[in-house]
Amino acid sequence: MRRYIRALVLCTVFAVLSGLYVYSKLFYSDVSVGAAGARRVFIPPGARHKTGPQSPHWYNRYIMRQRGQGEGGGGGSQSGPEPPMHLAVVACGQRLEETLTMVKSAVLLSVKHLCLHIFAEDQLHASFTEALESWPGFIRSRFNYTVYSISFPSENAAEWKKLFKPCASQRLFLPLILKEVDSVVYVDSDILFLQPVDRLWAFLSRFNSSQLAAVAPEHEEPRIAWYNRFARHPFYGRTGINSGVMLMNMTRIRNTYFKNDMTSVGLRWEELLMPLLQKYKLNITWGDQDLLNIIFHHNPERLLEFPCQWNYRPDHCIYGSNCASAEENGIYILHGNRGVYHDHKQPAFRAVYDAIRKYSFGADPASSLLAPLEEELLKTTHTYCGKSHELFTKRLAQSLANINRNAPHGR
């Protein structure tokens, strides 16, 4: 009799453990949004109105569609494939084509697999998906993508959304939304990569034990810089920082207590943002970039500066060339702020944008992208930026020369 009782107890224990195992598998498969495969992910619009970053449900996602792929997507316990790079961008209003051109430059030139995090207004989601799914298979295999709704904390959500430019301050909340992502490259939609994202990603290995972000200075020449002449708030360093290209170790950001001028104790990222906005909102001009300048003014040891060639803007040539690193090695990342991709004020910048936008994947990059670009740049030498036209193609030419070794032609 005892033998039967023991057997019954063992069977019961086994059944309970088996049930727990199945439950755990179902649970983790449901929440592991970083698994392999290209996917679209939407944050339910209602979530941004119900709770703020203090709630763990604020960043929960609802998976609308998933398409499996051979390439790994980040996270998970698989060994072998190298972890992908993460690239984030925010697109609102009329930024669809501009954002797609930025993504095009990134996936065209990069070597390692990319995980794209696209934050966009809901009406743009279908257009992003349609465009990205239309790209040739050998290009799609290089990246996964996730499309998110714009999401701000419930308190003062409208104020955050209209700060400086529509939705631009979304970048401040990336560490609170992408909690499963360790590090990310954030770029404005008007960025163009002229060499692989991999080279920028490599700056992570240069961080010391305190640094958690890398950016370029706002200016190299203090005599024409904005922050040291006009800012009505604290800013980083001599001339401030430009946040259009920002490499972030978000794990460190989430775990750091930041010094500030509001309390005598350090505040976590999610505790810092709203009080900072309330204190300085009448004194800031450039929105979230100003808030970042204030934060790193008080925490300069947390920041790594990279040279201006990694965030080359019209300010670096509009009054004459003033970016020494670009003069030596060429432009690595082009930043077309001031809307210069869409008007005729700085035709050299527009020429690069149009060349990448018009390029067809699979075509010979030398004859279909580089040659037409060089021809157009020669027409811009009447401008100060155009006089330095060789800087716009020096690094790009080297990057394009490597494409044929990384991808086949055609579909």
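# Helix packing, a mixed sheet and two cores

Helix 15 (residues 365–377) and helix 17 (residues 389–401) pack at an angle of about 175°, and their axes lie 10 Å apart; helices (H or I, at least four residues) and strands (E, at least two) are here DSSP runs, numbered from the N terminus, while axes are lines fitted to C-alpha atoms, for helices over the stretch in contact, and angles run from 0 to 180 degrees between N-to-C directions. That angle makes helix 15 roughly antiparallel to helix 17, on a scale where angles under 35 degrees count as roughly parallel, over 145 as roughly antiparallel, 65 to 115 as roughly perpendicular and the rest as oblique. On the side of helix 15 the contact is made by Pro365, Leu369, Leu370, Leu373, Glu374 and Leu377, and on the side of helix 17 by His389, Phe392, Thr393, Leu396, Ala397 and Leu400, contact meaning heavy atoms within 4.5 Å. The residues of this contact divide into nine nonpolar, two polar and one charged, where Ala, Val, Leu, Ile, Met, Phe, Trp, Tyr, Cys and Pro count as nonpolar, Asp, Glu, Lys and Arg as charged, and the others, Gly among them, as polar.

The model is predicted, so that local features need pLDDT of at least 70 and side-chain atom pairs count only at pLDDT 80 or more, whereas totals for chains, interfaces and linings use all residues. Residues are numbered from 1 along each chain as its sequence is written, and side-chain values use heavy atoms, with hydrogens and water left out.

Phe392 of helix 17 leads on to the nonpolar cores. In the largest nonpolar core, which has 73 residues, Phe193, Tyr312, Leu334 and Phe392 touch the most other members; such a core is a set of buried Ala, Val, Leu, Ile, Met, Phe, Trp, Tyr and Cys residues joined through side-chain atoms within 4.5 Å, and buried means under 20% relative accessible area, exposed over 50%, partly exposed in between (1.4 Å probe, protein chains only). Leaving aside residues up to four places away in sequence, Phe392 touches Leu194, Tyr312, Ile331, Leu334, Ala348, Phe349, Val352, Leu377 and Cys385. A second, separate core of 45 residues includes Val90, Phe119, Phe173 and Leu178.

Turning to the strands, seven of them form an open sheet in the order 5-4-3-6-9-8-10, with mixed pairing; two strands pair if DSSP finds at least two bridges between them. The edge strands, each pairing on one side only, are strand 5 (143–149) and strand 10 (303–305). Neighbouring strands of this sheet are turned by 25° against each other on average, direction ignored.

From the edge at strand 5, seven bridges join this strand to strand 4 (residues 114–120), the two running parallel, and Leu116 has Tyr145 as its bridge partner in strand 5. Strand 4 and strand 3 also pair in the parallel sense, over seven bridges, with Leu114 in strand 4 as the bridge partner of Met85. Helix 4 (residues 125–133) lies across strand 3 (85–91), strand 4 and strand 5, and runs at about 170° to strand 5. Seven of the seven residues of strand 3 are buried: Met85, Leu87, Val89 and Ala91 point one way, and His86, Ala88 and Val90 the other way.

Strand 3 and strand 6 pair in the parallel sense over two bridges, and Ala88 stands opposite Tyr186 in strand 6. Five of the five residues of strand 6 are buried, so this strand is largely enclosed by the rest of the structure; Ser183, Val185 and Val187 lie on one side and Val184 and Tyr186 on the other. Tyr186 also has a bridge partner in strand 9, namely Met246.

Strand 6 (residues 183–187) and strand 9 run antiparallel and are joined by five bridges, one bridge partner of Val187 being Val245 in strand 9. Strand 9 (residues 241–249) is mostly covered, nine of its nine residues being buried. Four bridges join strand 9 to strand 8 (residues 213–217), again in an antiparallel run, and Pro217 has Ile241 as its bridge partner. Helix 12 (residues 288–298) lies across strand 8, strand 9 and strand 10, running at about 65° to strand 9.

Lys162, finally, has its place in the loop between helix 6 (157–161) and helix 7 (174–177), and at 65% relative accessibility Lys162 counts as exposed. Lys162 and Gly287 are 125 residues apart in sequence and 9.1 Å apart in space, C-alpha to C-alpha.
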